[in-house]
Amino acid sequence: MIYSVEKEYQGMLDAYEKAGGDSNSLKTEGMAKLIVHENKVLSADEVPGVRLKFKPKENGIIAELRVEEGVKVKNPIHLCFGILPSEGLQDITFRVDVLSGAEVKVVAHCIFPNAVHVIHKMDAVINIGENAIFSYNETHYHGDSGGIEVIPKAKVILAEKAFYKNTFSLVQGCVGKLDFDYDIYSGANSVAEMVAKIYGKQDDYIKINEKVNLNGENARSLIKTRIVLRDRARAEVIGETQGNAPYARGHVDCTELVNGTEAVAKAIPVVSVTNDKAKITHEAAIGSIDRRQVETLMARGLDENEAVDVIVKGLLR
Amino acid sequence: MLSIENLQWGLNGKLVIDGLNMHVGRGEIYGILGENGTGKTSLTHLIMGTNNYKPTGGDILFEGQNLAGLSISQRARMGISLAWQEPVRIEGLMVEDYLRISGKNFGIEQVKHCLEMVGLSPSIYLSRDIDSTLSGGERKRIEMASLVAMHPKLAILDEPDSGVDIPSLPLILNSIMEMSRQGSSVLLITHNEKVVEIAHRVSVLCGGKIFMTGTPAETSHWFKDNCQTCPHINEPVEL
């Protein structure tokens, strides 16, 4: 199917709405946004202090987001990437610069409702300046075929006292194949928090590799992963934190629930310390859904499947 | 309401519940008093059907219907529910949602009322998750609130006082009495003779058997004299 630009725009909004999003957030005036279908920018808006530059490349775009020094962006910046046809490649090169003292929240939606043979790649470099705050919340909406590969890779550099929080959520539809790879370099007194919530079904394959290098004194980090697997889905999670500076503190927290006999979960927490005043901790829990949780909800009148559903939704909320 | 006849259940060749007989009437608060390891929690599992416990002998009848073979959900839908001795944590499940699950079609005001009954402020607790950020005592009170919300015909309370601080205990006991006033029967299981003071009748359990039944005063006195000083924990001797 060939889409016109208008149809593409409306199609993206419809798909977003269908997935449970509020398309008004993508149409509201006075909010910075970028809507990209395949390699076409369908809509782009800036607000004072926020620069959004982009240019197409073969099978994707090159985009730059820059938040000027000291600018505190009132409303979240909305990013929307997607492919509506069943086949395609979307390759995003993304550079983010949040300058000193700036504060910004980004809400990103990635929409692939009809994917049968689709690849969505993102290569990002994210620089967060001194005392700057950057929150990036990415939600994926996939169809049920599982015919998609999602390959997000990022290098994140935090200056002194920078704050960075990344939340990645893929719980609707089938994951397909996910290869998530983030590398974070933390300066002194900075805070990095990585949260991933993923629901694997059918033959999904999930690979997560997150690494935080706590290079500055008193830098802090949390890697938190919540994964639920059913059917024949498989997941491998590597959460690595290096404590390389005095008083650096990091924690890796991974929970994977396996519902069924064929799904396979693997967690590899890696903690290393090269400074005797640093401290890194980890916890990983892999297993079936807690029977006592299920029975507690059944004792309130839910049947077993309803109880499992409540537990899974809670974990991935 | 609840009749238990010659109930037996064992583990590793040993009878934990050994020919137990009891009856709980409608709206009655029935206390079971026993030391650790006497079969109190096993009894709750057998009535609720939790922990995969199934009687090896005898019958459990609820409103005349034998519970054998019924799932936990089926028992709950008949009007039986349980507050666990150690309530679970469920990450991401908000207190408000938990109480709404318990009280079908509950509005927000009813949910708030249930929390207030156990001394928890709705403005603080409604949006909290039932996870490790709550203390054991807080989870215990939320578990009680969920039973109040469910308004069961039979509430089984396993050690409702454990982990609850002293100032909060009267609130828990008041909520139990309120459940009874509203028509719920309550099976109140504890090792604390102070807690069973609100019961209409109390039985002393040891070795999976009822040793005596009487008023709270009678049984508490007997319990203190015979059980708390007894060296034969869970190995009853002829008195």
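The largest pocket of this predicted model is lined by 28 residues, and those that lie nearest its centre are A:Gln293, A:Leu315, B:Arg89, B:Ile90 and B:Glu91. Chain B and chain A also meet at an interface, where the area buried between them is about 2,000 Å².

**The largest pocket**

- Several elements give two or more residues to the lining of the largest pocket: in chain A these are strand 15 (220-230), strand 17 (249-259), strand 19 (279-287), helix 3 (291-298) and helix 4 (304-316), and in chain B strand 7 (90-94).
- The space in this pocket comes to about 640 Å³, and its lining is made up of 13 charged, 8 polar and 7 nonpolar residues.

**The interface between chain B and chain A**

- The contact draws 31 residues from chain B and 20 residues from chain A, while carbon and sulfur atoms give 53% of the buried area.
- Of the area that chain B buries against chain A, 28% is supplied by B:Trp84, B:Val88 and B:Glu91, which is more than any other three residues supply.

**Polar links and the side of chain B that touches chain A**

- There are 4 salt bridges between chain B and chain A, including one that B:Asp129 forms with A:Arg317, in which the closest N and O atoms are 2.5 Å apart.
- Across the interface, 17 residue pairs are in polar contact, with both residues at pLDDT 80 or more.
- Helix 2 (72-78), strand 6 (80-83), strand 7, helix 3 (95-102) and helix 6 (136-150) of chain B each supply at least two residues of the side that touches chain A, and the largest share, 5 residues, comes from strand 7.
- The residues of that side of chain B divide into 16 nonpolar, 8 polar and 7 charged.

Terms used: Residues numbered from 1 in each chain as written. Chains lettered and ligands numbered in written order. Predicted model: local features only at pLDDT ≥ 70, side-chain atom pairs only at ≥ 80, totals over all residues. Heavy atoms only, no water. 1 Å grid on protein atoms, 1.4 Å probe; cavity = no way out; pocket = protein on both sides within 12 Å on 5 of 7 lines; lining within 4 Å. Points joined across faces, edges and corners; volume = space filled by probe spheres on them. Helix = DSSP H or I, 4+ residues; strand = E, 2+ residues; numbered from the N terminus. Nonpolar A, V, L, I, M, F, W, Y, C, P; charged D, E, K, R; others polar. Contact = heavy atoms within 4.5 Å. Buried area = accessible area lost by both parts, 1.4 Å probe. Salt bridge = Lys/Arg side-chain N within 4 Å of Asp/Glu carboxyl O. Polar contact = N/O pair within 3.5 Å; in protein donor to acceptor, adjacent residues only side chain to side chain.
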